[in-house]
Amino acid sequence: MNLSHRSLVAYLKKLQPGKGSIRLIACEAGSSVDALAQHVANKLGKDVLAPTDQVWIRQDGRLTVGPTKDAVTGGWKEFRPGAKAVLKKASPETNALQPM
């Protein structure tokens with residue numbers, strides 16, 4: 001499904017997300033400095049956590065990031081409004097996020 005950052009932001013504004021940060025579970029949404037996640041962070045004024053590669057949902061609900069479900073080589077980047085993204089270190093805690 002293709003969705004522009006403007007459409008996504010408009011949709012999220014209608015949902016009226018709370019005061020916390022946003023976990024954007026969308027493949028490659030955090031793959032570059034001008035990624036979708038940065039646009040969302042800038043427009044909503046919220047921190048956004050986004051994957052650098054494909055996202056895979058495991059049977060137990062964990063999320064992993066990589067080109068295949070078994071190649072967990074990606075990670076999660078944290079995007080802040082008006083700032084540069086910060087890559088979270090590759091570890092079981094960041095590459096395999098637990099269900100919320």
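A helix axis is here a line fitted to C-alpha atoms over the stretch in contact, and the angle between two such axes is taken between their N-to-C directions, from 0 to 180 degrees. With that in hand, the reader can turn to this predicted model, in which the axes of helix α1, residues 5-15, and helix α2, residues 36-44, come within 10 Å and cross at roughly 45 degrees. Because angles that are neither roughly parallel, roughly antiparallel nor roughly perpendicular count as oblique, α1 is oblique to α2. The crossing of these two helices, α1 and α2, is right-handed.

The residues that bring the pair into contact can be named on either side: α1 contributes H5, L8, V9, L12 and K13, while α2 contributes L36, H39, V40, K43 and L44. Sorted by class, this contact of α1 with α2 holds 6 nonpolar residues, together with 2 polar and 2 charged ones.

Around this pair lies the rest of the chain. The protein chain has 3 helices and 6 strands, and, followed from the N terminus, its elements run in the order α-β-α-β-β-β-β-β-α.

The chain as a whole can also be described by its contacts and its surface. Of the contacts between residues at least 6 apart in the sequence of the protein chain, 55% join residues that are at least 24 apart. Buried residues account for 35% of the 100 residues in the protein chain. The area that the protein chain exposes is about 6500 Å², and carbon and sulfur atoms supply 53% of that area.

Definitions and conventions
Residues are numbered from 1 along each chain as its sequence is written. This is a predicted model: local features need pLDDT of at least 70, side-chain atom pairs count only at pLDDT 80 or more; totals for chains, interfaces and linings use all residues. Side-chain values use heavy atoms; hydrogens and water are left out. Helices (H or I, at least four residues) and strands (E, at least two) are DSSP runs, numbered from the N terminus. Angles under 35 degrees count as roughly parallel, over 145 as roughly antiparallel, 65 to 115 as roughly perpendicular and the rest as oblique. A crossing is left-handed if the near helix is turned anticlockwise from the far one by less than a right angle, and right-handed if clockwise. Contact means heavy atoms within 4.5 Å. Ala, Val, Leu, Ile, Met, Phe, Trp, Tyr, Cys and Pro count as nonpolar, Asp, Glu, Lys and Arg as charged, and the others, Gly among them, as polar. Buried means under 20% relative accessible area, exposed over 50%, partly exposed in between (1.4 Å probe, protein chains only). Accessible areas come from the Shrake-Rupley method with a 1.4 Å probe; for residues, only the protein chains shown count as cover.
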